[in-house]
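Biologist: I'd like a close look at one part of this protein, taken slowly and in plain words. Could you pick a good starting residue and work outwards from there?

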Amino acid sequence: MMLAMAITRSYITPALVGLVLLLINNLSDFAYAAESEGLGASFIFGDSLVDSGNNNYLPTLSKANVRPNGIDFKASGGNPTGRYTNGRTIGDIVGEELGQPNYAVPYLAPNATGKAILYGVNYASGGAGIMNATGRIFVNRVGMDIQIDYFNETRKQIDKLLGPSKAKEYVSKRSIFSITVGSNDFLNNYMLPVISIGARISQTPDAFVDDLISHFRAQLTRLYQLGARKFVIGNVGPIGCIPYQKTINQLNQDQCVELPNKLAVKYNGRLKDLLAELNDNLPGSTFVYANVYDLVSELITNYDKYGFTTASRACCGNGGQYAGIVPCGPTSSMCSDRSKHVFWDPYHPSEAANLILAKKLVDGDTRVISPMNLRQLRDH
């Protein structure tokens, strides 16, 4: 008997105890993702405003996996992850606010497999747009059509992990589909110089917006057919007010370029109508309209009220009055207080701005997000 006890004790090593605890922890993580109340998964689609690293895995001119990008991203110890900002994206912060314990993994990352996908997957790609031609200037990017193809693959994996019945419920009731796209369709397609590959040479603004809405309707309907039911769609922000536009047009700090903003407003009006139409025509769906244009315009106009010292100059960049020509990289100049700049680089908001915007989307009223905010959508 003593010998048997001794043998038993000898097998219960610290390593074995650690392994058992690790297994228990992993199982509890899985149980949280698959069974607990609250937001199950966050599926994120779009462009560089929410890309969390997909472009790291592409041969593309649009990349953010170089310092000092990510300098304030705590999860990476301040190392670049492929996020086009100094810290967290709006998608990251929304996930945290809604109780997610993990960030949605980039679809192209090697760890986007197994139970990790039950917290959500990020398909967004810097340079991407609604139209397949958008972002061609960057050589490579994952446009919306391909992003939805990728979700189709994820959907099959969720079926295998949870079984078809639970998977269907998980995707339709416990997941939010967040889409931030459209800016590049203007900046890196329609508004490119005529000698390049822009659509402006052959289409009026109205015809181009018609085309965008038609494509986007098909894309959102396809996601619905794949089981998505809870959507939040960001409209296009005031793209005429970004440091890049102010710099190349040599504007004063309180001025914005008129044409890009007019195009954004035109598209946003049509987008709002589209989402109302889809809410009426797709049974069981909820399409939420996020008024990013007004939110960012308010930040830019009244930046000092929110604790910022500038809404015109990029914190990280080079060129011109607003450091707005060369994207953020190792040779860029960088501001001393990153939390005081609305813009991190010539195109993208800082983490401090993203934090304000995300919290408005999570808990704001119908002036900024309608017909409900994201906390209400989660519980809907």
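**Cysteines, then outwards**

Modeller: Let's start at cysteine 315, which is buried, with a relative accessible area of 2%. Keep in mind that this is a predicted model. Cysteine 315 has a partner: cysteine 335 bonds with it in a disulfide, with 2.1 Å between the two sulfur atoms. If you look along the S-S bond of cysteine 315 and cysteine 335, the torsion comes out at about -85 degrees, so this disulfide is left-handed. As for where the two ends sit, cysteine 315 is in the loop between helix H10 (292-301) and S7, while cysteine 335 is in the loop between S8 and helix H11 (351-363), so the disulfide ties together parts that are 20 residues apart in sequence. Cysteine 335 also counts as buried, because its relative accessibility is 14% and the cut-off for buried is under 20%.

Now step along to cysteine 316. Cysteine 316 pairs with cysteine 328, and their sulfur atoms are 2.0 Å apart. The torsion about the S-S bond of cysteine 316 and cysteine 328 is about 80 degrees, so here you have a right-handed disulfide. Cysteine 316 belongs to strand S7 and cysteine 328 to the loop between S7 and S8, so this disulfide ties together parts that are twelve residues apart in sequence. Cysteine 316 and cysteine 328 are both buried.

Stay in that loop for a moment. Isoleucine 325 is found there too, between strand S7 (316-317) and strand S8 (333-334). With a relative accessible area of 42%, isoleucine 325 counts as partly exposed. Isoleucine 325 belongs to a nonpolar surface patch along with Ile248 and Val326, and together the three have about 240 Å² of accessible area.

That's two disulfides covered, but how many does a search of the whole structure find? The search comes up with three. The one still to visit joins cysteine 241 and cysteine 256, with 2.1 Å between the sulfur atoms. The torsion about the S-S bond of cysteine 241 and cysteine 256 is about 115 degrees, so this disulfide is right-handed. This pair links distant parts of the chain, 15 residues apart: cysteine 241 is in the loop between strand S5 (230-234) and helix H8 (243-248), and cysteine 256 is in the loop between H8 and helix H9 (258-281). The two ends see their surroundings in their own ways: cysteine 241 is buried at a relative accessible area of 6%, whereas cysteine 256 is partly exposed at 31%. If you number the bonded cysteines in sequence order, the pairing reads 1-2, 3-6, 4-5.

Since we've reached helix H9, let's turn to charges. Side chains of opposite charge can pair when their charged atoms come close. In this model the count of salt bridges is 17. One of them joins lysine 262 and glutamate 258, at 3.1 Å from N to O. Lysine 262 and glutamate 258 are four residues apart in helix H9, which means that about one helical turn separates them. Both lysine 262 and glutamate 258 are exposed.

Lysine 305 makes a salt bridge as well, with glutamate 298, and the closest N and O atoms are 3.2 Å apart. Lysine 305 is exposed at a relative accessible area of 60%, while glutamate 298 is partly exposed at 27%.

Further along, arginine 375 forms a salt bridge with aspartate 363, and the closest N and O atoms there are 2.6 Å apart. This pair also links distant parts of the chain, twelve residues apart, with arginine 375 in helix H12 (residues 374-379) and aspartate 363 in helix H11. Both residues count as partly exposed, with arginine 375 at 25% relative accessibility and aspartate 363 at 42%. Arginine 375 and aspartate 363 also belong to a salt-bridge network that takes in Glu97 and Lys359.

Terms used:
Residues are numbered from 1 along each chain as its sequence is written. This is a predicted model: local features need pLDDT of at least 70, side-chain atom pairs count only at pLDDT 80 or more; totals for chains, interfaces and linings use all residues. Side-chain values use heavy atoms; hydrogens and water are left out. Patches are made of residues with over 30% relative accessible area and no salt bridge: like charges are joined within 9 Å, nonpolar side chains (Val, Leu, Ile, Met, Phe, Trp, Tyr) within 5 Å. Accessible areas come from the Shrake-Rupley method with a 1.4 Å probe; for residues, only the protein chains shown count as cover. A salt bridge is a side-chain nitrogen of Lys or Arg within 4 Å of a carboxyl oxygen of Asp or Glu. Buried means under 20% relative accessible area, exposed over 50%, partly exposed in between (1.4 Å probe, protein chains only). A disulfide is a pair of cysteine sulfur atoms within 2.5 Å.
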